[in-house]
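Hello,

Here is the structure I promised to pass on. Please have it open while you read; my notes follow below.

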Amino acid sequence: MKKLLLFAFAIPFFSFGQTNRTTTVSGDFLNPLIWSPIGVPTNGDSLTINHAVNITTDIYYNSGQILVSSSGSLIQDANQRSVWIDGGSLVNHGVYSSHLLWVSSGGYITNTGSLNNIDSLLAQGAVTNSGMAGINDFWIAVGGSMNNSGTLTNTDSLLVQGPFINTGFATVYDLAVDEMATFDNSHILTVTNNMHNQGTINNTWSIDVANDFSNCNTQNFDGVINNDGVFCIGHDFLNCGGDTIMGSGDYYIGNLSSNLGVFTGTHFFHTPNGSLTLNTGTVDVTVTLTTGACTAGISSEEKLSLEVYPNPTEDVLQLSISDVKFELFDYTGKIVMEGIVENHMINLQNVTEGVYLLKVDGIHVHRIVKK
């Protein structure tokens with residue numbers, strides 16, 4: 001983890017009654033004249049935001065609901081603002097942005113729109129994302145959960161201590177799965193630096209770790225990786241004593257591979273030379289040790305140096321490789337375009353404006369913005 005999550009809140013937003021309020025015009029959150037009925041919203045109110053509203057104070061909610069419609073936005077002003085959902089809910093179908101966001105047990109956050117520039121999110125309650133979520137530091141604490149069927153992006157560090165279900169796209173710099181936590185991935189997870197597991201990871205599609213990966217529980221139980229899909233590790237791999245690698249899928253290791261624990265299942269374990277660098281543990285006879293790179297036809301040097309530009313783009317993407325398969329996904333996971341990269345180019349002229357995820361020959365390459 002590159003940074004610690006820090007949560008600091010000013011005086012709570014006290015409740016003096018509960019009212020259903022809807023915005024009639026844009027303005028500041030505390031301006032009574034933008035609401036119908038006229039009045040200052042308070043903790044426990046049921047708020048519907050249909051316009052552009054600025055967060056001008058720290059907000060505390062332990063009941064009621066803040067709902068941002070698809071035509072609305074709730075964005076902090078020039079100051080760094082904190083929002084604490086300590087019960088009740090924050091439901092965003094439009095655009096939401098604040099420096100700190102905290103959901104306690106009993107509260108929940110649902111996003112189908114865009115969560116922008118969230119510096120830190122602490123989840124001790126349920127978080128559901130089927131839209132776009134840009135969260136810098138993300139902590140899913142004990143008692144919290146995350147269900148992502150949309151796109152999680154720009155995440156610098158992610159600590160998982162509660163259930164995380166990913167059926168969408170998740171891109172993280174550093175990822176740690178703590179003891180007793182479960183990370184279920186059935187779509188695309190990209191870790192652009194290091195990943196560490198002390199809990200349980202279940203993968204049925206694609207996990208790509210650019211640097212080092214370790215499966216090492218240093219606490220009370222065992223770390224378990226159950227991979228029935230593709231698990232790519234760009235650099236070093238370590239499985240510690242008592243910890244287990246299993247499944248029926250493929251593991252690809254780019255550099256050193258050390259096993260002090262257990263390899264079981266029917267998986268294929270690919271290394272540069274077809275063997276483990278160090279093995280003081282157990283490898284079941286049902287496991288196949290073999291060679292193979294994570295991406296057929298692309299060398300490790302090309303993978304590391306792969307460039308995609310310009311981004312954002314209005315029409316043509318330039319790639320540093322060619323003659324390989326590509327897939328372009330929208331934020332719902334739907335393939336909107338696929339084919340072969342020809343002459344180092346992909347023509348996006350007929351693709352509508354929006355944010356997409358580009359995979360090149362099985363690798364999650366980049367988040368693409370089409371203007």
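What share of the 371 residues in the protein is buried? Buried residues make up 50%. Please keep in mind that this is a predicted model.

**Overall make-up**

The secondary structure comes to 44 strands and 1 helix. The protein exposes about 15,400 Å². Carbon and sulfur atoms supply 53% of that area. Take the contacts with a separation of 6 or more: 30% of them are between residues 24 or more positions apart.

**Strand E27 and its partners**

Start with strand E27, residues 224-227. In a regular strand the side chains alternate between the two faces of the sheet. E27 shows this alternation. Ile225 and Asn227 point to one face and are buried. Val224 and Asn226 point to the other face and are not buried.

E27 pairs with strand E24 (residues 200-203). The two run parallel and are joined by 4 bridges. Ile201 stands opposite Ile225 here. E27 also pairs with strand E30 (residues 244-246), again in the parallel sense, over 3 bridges. There the bridge partner of Ile225 is Ile245. Ile225 thus has Ile201 opposite it in one pairing and Ile245 in the other.

**The loop between E20 and E21**

Next, look at Glu179. Its place is in the loop between strand E20 (169-177) and strand E21 (182-185). Is Glu179 buried or exposed? Glu179 has a relative accessible area of 11%, under the 20% cut-off, so it counts as buried. Its side chain reaches the backbone nitrogen of Asn220 at 2.5 Å. Glu179 also touches residues further off in sequence, among them Gln198, Gly199, Asn217 and Phe221.

Met180 sits in this loop between E20 and E21 too. Met180 is exposed, with a relative accessible area of 62%. Its phi is positive, about 75°, although Met180 is not a glycine.

**Unusual backbone spots**

Most residues other than glycine have a negative phi, and most peptide bonds are trans. A few places here are worth checking against that.

- Asn154 is not a glycine, yet it has a positive phi of about 60°. Asn154 is found in strand E18 (residues 151-160). It is exposed, at 51% relative accessible area.
- The peptide bond from Ser36 to Pro37 is cis, with omega near 0°. Pro37 lies in the loop between strand E3 (35-36) and strand E4 (46-49).
- Tyr309 and Pro310 are joined by a cis peptide bond, with omega about -10°. Pro310 is found in the loop between E38 and E39.

**The sheet E38-E39-E42**

That last loop leads to an open sheet of 3 strands. Its order is E38-E39-E42, and the pairing is antiparallel. Which strands stand at the edges? Strand E38 (308-309) and strand E42 (345-347) do. Each has a single partner strand, so one side of each is left without a neighbour in the sheet.

E38 pairs with strand E39 (residues 316-319) over 2 bridges. Tyr309 stands opposite Gln318 in E39. Tyr309 is also one of the two residues in the cis bond to Pro310.

**Ser322**

Ser322 lies in the loop between E39 and strand E40 (325-329). Its relative accessible area is 19%, and buried means under 20%, so Ser322 is buried. What does its side chain reach at 3.2 Å? The side chain reaches the backbone nitrogen of Asn343 at that distance. A polar atom of the Ser322 side chain also lies 3.2 Å from the backbone oxygen of Val341. Leaving aside neighbours within four places in sequence, Ser322 is in contact with Val341, Glu342, Asn343 and His344.

**A nonpolar patch**

One surface feature to finish. Leu238, Leu260 and Leu278 make a nonpolar surface patch of about 220 Å². Leu278 has its place in strand E35 (residues 278-279). Leu278 counts as partly exposed, at 40% relative accessibility.

Best wishes

Definitions and conventions
Residues are numbered from 1 along each chain as its sequence is written. This is a predicted model: local features need pLDDT of at least 70, side-chain atom pairs count only at pLDDT 80 or more; totals for chains, interfaces and linings use all residues. Side-chain values use heavy atoms; hydrogens and water are left out. Buried means under 20% relative accessible area, exposed over 50%, partly exposed in between (1.4 Å probe, protein chains only). A polar contact is a pair of N or O atoms within 3.5 Å; within protein, one must be able to donate a hydrogen and the other to accept it, and residues adjacent in sequence count only if both atoms are side-chain atoms. Contact means heavy atoms within 4.5 Å. Patches are made of residues with over 30% relative accessible area and no salt bridge: like charges are joined within 9 Å, nonpolar side chains (Val, Leu, Ile, Met, Phe, Trp, Tyr) within 5 Å. Accessible areas come from the Shrake-Rupley method with a 1.4 Å probe; for residues, only the protein chains shown count as cover. A salt bridge is a side-chain nitrogen of Lys or Arg within 4 Å of a carboxyl oxygen of Asp or Glu. Two strands pair if DSSP finds at least two bridges between them.
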